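Trainee: Before we begin, could you show me the model, so that I can ask how each label attached to it is justified?

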Amino acid sequence: MVQNLNYIPIHDYLIFCSALFCIGVTGVLIKRNALVILMSIELMVNSINLLLAAFSAYTNDPAGQIFVFFIMVVAAAEVAVGLAIIVVIFRTTHSIDIDVLNKLKW
Amino acid sequence: MLVMRHELLLVIITVILLLVEIFLPKDQKHKIILPAILLFTIVTILGFLPGITGELFGGMYVSTALTMTMKNILNIGTLIVFIQSVSWLKKEENKEKISEFYLLLLSTLIGMDYMISSGDFMMFYLGLELATIPIATLAAFERYREKSAEAGVKLIFTSALSSGILLYGISMIYGTTGSVYFTDVKAAFEATPLQILAFIFFFAGMAFKIAIVPFHLWIADVYEGAPINVTSYLSVISKGAAVFILMIILYTVFAKIAIIWRDVLYVTSIITMTVGNLFAIRQRNIKRFLAFSSIAQAGFILLGLIGQSQLGMTTVIYFVLIYIFSNLAAFGVAGIIANVTGKETIDDYDGFYRTNPLLSLTMMLALFSLAGIPPVAGFFGKFFLFAAAAQKGFYILVFIAVLNTIISLYYYLLVIKAMFLNTSDQPIGYFRSDNYTRIGLLLCVAGILVIGFASPVYEFILNLSYGLY
């Protein structure tokens, strides 16, 4: 497994994961749909997971891979709470567009 | 006593309250209030017993005399929040959800305790998330109110984004040092460009949690939308815990790049103080007002961190302790007014002294303490912060901070002027606050006065602090 990974230099992982991370951040910043924002956050977290796994394989240290499991669990919990609150908002406003969230300003 | 005492006690009472909640009939939920407060009081007192310091799980969990003091400070603050929130929880629309409030609050406190005691980045991250996610559900507690739900969704999105940024930093720290343990990371840290980038990501993530400018935009919205008792918890306990762990990580893990994070703190401290103060002037809603005031206070806290000495560490912990008492007193008065009359703007406070003198005096003490007027505790907190920064030669920074204190005095006095000098045709009428609110406010006032006059508290913290090593 580690030998297969070593055919790909670590820099490629770094660049690829950074690109994924940037796509995720851009999605969070420009998308107006609450569900798409949650998906973008998920993309960010998954790029980090890939990066941790790659580092872990290259340094032969299992801690990074264990970390990935915990991050997955936490991300799932985060999304669950986020979705629950979005459902509450959908019941009152009948929209999941975050532009309806304008009751609080300056 | 056990090494992991604080956390274990909290877990035990959380489980007990969960069981009580299951067996209580639906219309009897308010009976959980008194046992919850009593149990938590016992936990707070037990926390002060001398404990064993040491490491658990191969260094993942570290307990020192300093972390125990931090946990005790958080326990005291949470106890006051528990007592203050009773009058709000007893309202008709919250009656079915009383136990949920306590359970969620206790689980965030468990997360904060683990976060403060963490010895590696995994434990730190798990504690941080456990401390954040339940708060979002608490912010959306009054979900029938659109503002509350909006605060919840804003909090969960910003916290998810910020923990993503934080994790990206952690992953690069792990990649370049080959370990997630604080001690190993510290030993392997070489200040390469990638590691400095990782530190910037890490700091940005933490800045979101502490609400340092330019990562502060979520805070005013969340503070205004969330129920006022949740806001007070968010503004003191959450922020205090995040400041503690940021300080520990900066002083231990990132000790080698102190010269870099000193510059980062220097700039963010100035911006945070100034922006927080200038925006606070134009606020009319008391919750938004206190939100911006808390941003300004975060700027002052950074001023203490920059000192990176034993004195700096002591003053930060001491300042957070004072800030907890002062802010909880201010939020307590604002909360009881909002609960009884539903009024939340500063203009509504016109002529408040004539109808409710004691509450006005409490508010005045709290705001004086936040502004830093002697002889209340806030003065000594600010004085030591300035001294810690000046000791290291940051005279310009201290000068800007003093200027900011003067600006902050202006807007704190605006509220006091509204209560004491302004007259109104329809002032808020006289009301009797219930006993729980009185006890809560009394604890806050006692804290503000006692810490201001008794130096043993300060000397106790000074003996535990170690500064940068």
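Mentor: What follows is a set of questions and answers about a predicted model, in which each value is set against the cut-off behind its label.

Trainee: Let me start with helix H1 of chain B; how do you know that its span agrees with what is expected of a helix?

Mentor: H1(B) has 19 residues, and the distance from its first C-alpha to its last is 28 Å, which is close to the 27 Å expected at 1.5 Å a residue. The expected span is 1.5 Å times one less than the number of residues, so the value for H1(B) can be set directly against that rule.

Trainee: Which residues of H1(B) are buried, and what do they pack against?

Mentor: The buried ones are Arg5(B), His6(B), Glu7(B), Leu9(B), Leu10(B), Ile13(B), Thr14(B), Leu17(B) and Glu21(B). They pack against helix H2 (33-47), strand E2 (61-63), helix H3 (65-84) and helix H5 (98-116) of chain B.

Trainee: Leu18(B) belongs to this helix too, so why is Leu18(B) called partly exposed?

Mentor: Its relative accessibility is 42%, and partly exposed covers what lies between the 20% limit for buried and the 50% limit for exposed, so Leu18(B) counts as partly exposed. Leu18(B) also helps to make a nonpolar surface patch of about 580 Å², together with Val11(B), Val15(B), Leu19(B), Ile22(B) and Phe23(B).

Trainee: What makes the contact of Lys29(B) with Glu21(B) a salt bridge?

Mentor: The side chains of Lys29(B) and Glu21(B) meet at 3.5 Å, N to O, and a salt bridge requires a side-chain nitrogen of Lys or Arg within 4 Å of a carboxyl oxygen of Asp or Glu, so the pair qualifies. Both Lys29(B) and Glu21(B) are buried.

Trainee: How do you know that Glu224(B) and Arg288(B) form a salt bridge as well?

Mentor: Their closest N and O atoms are 2.4 Å apart, and the limit is 4 Å, so this pair also meets the definition. The pair links distant parts of the chain, with Glu224(B) in helix H10 (residues 217-225) and Arg288(B) in helix H13 of chain B, 64 residues apart. Glu224(B) and Arg288(B) are both buried, and they belong to a network of salt bridges that also links Lys147(B), Glu150(B), Lys154(B) and Asp221(B).

Trainee: Asp347(B) forms a salt bridge with Arg284(B); are these two residues buried, partly exposed or exposed?

Mentor: The closest N and O atoms of Asp347(B) and Arg284(B) are 2.8 Å apart. Asp347(B) has a relative accessibility of 43%, so it counts as partly exposed, and Arg284(B), with a relative accessible area of 38%, is partly exposed too.

Trainee: Why is Ser238(B) called buried?

Mentor: Ser238(B), which lies in helix H11 (residues 228-252) of chain B, has a relative accessible area of 17%, and buried means under 20%, so the label follows. Leaving aside its neighbours within four places in sequence, Ser238(B) is in contact with Met112(B), Ile135(B) and Tyr233(B).

Trainee: And what makes His94(A) exposed?

Mentor: Its relative accessibility is 61%, and exposed means over 50%, so His94(A) falls in that class. His94(A) sits in the segment after helix H4 (63-93) of chain A, and it has a positive phi of about 55 degrees although it is not a glycine.

Trainee: How do you know that the span of helix H16 of chain B fits its length?

Mentor: Its 15 residues (357-371) should span 21 Å at 1.5 Å a residue, and the end C-alpha atoms are 21 Å apart, which agrees. Just after H16(B), Gly372(B) takes a positive phi of about 90 degrees.

Trainee: Finally, how much area do chain A and chain B bury between them?

Mentor: They bury about 3700 Å², 80% of it on carbon and sulfur atoms. In this interface, 40 residues of chain A are in contact with 44 residues of chain B, and the count of salt bridges between the two chains is zero.

Conventions. Residues numbered from 1 in each chain as written. Chains lettered and ligands numbered in written order. Predicted model: local features only at pLDDT ≥ 70, side-chain atom pairs only at ≥ 80, totals over all residues. Heavy atoms only, no water. Patch = residues over 30% accessible without salt bridge, like charges linked within 9 Å, V, L, I, M, F, W, Y side chains within 5 Å. Areas by Shrake-Rupley, 256 points an atom, 1.4 Å probe, with all protein chains shown as cover. Buried < 20%, exposed > 50% of the residue type's maximum accessible area, 1.4 Å probe, protein only. Helix = DSSP H or I, 4+ residues; strand = E, 2+ residues; numbered from the N terminus. Contact = heavy atoms within 4.5 Å. Buried area = accessible area lost by both parts, 1.4 Å probe.
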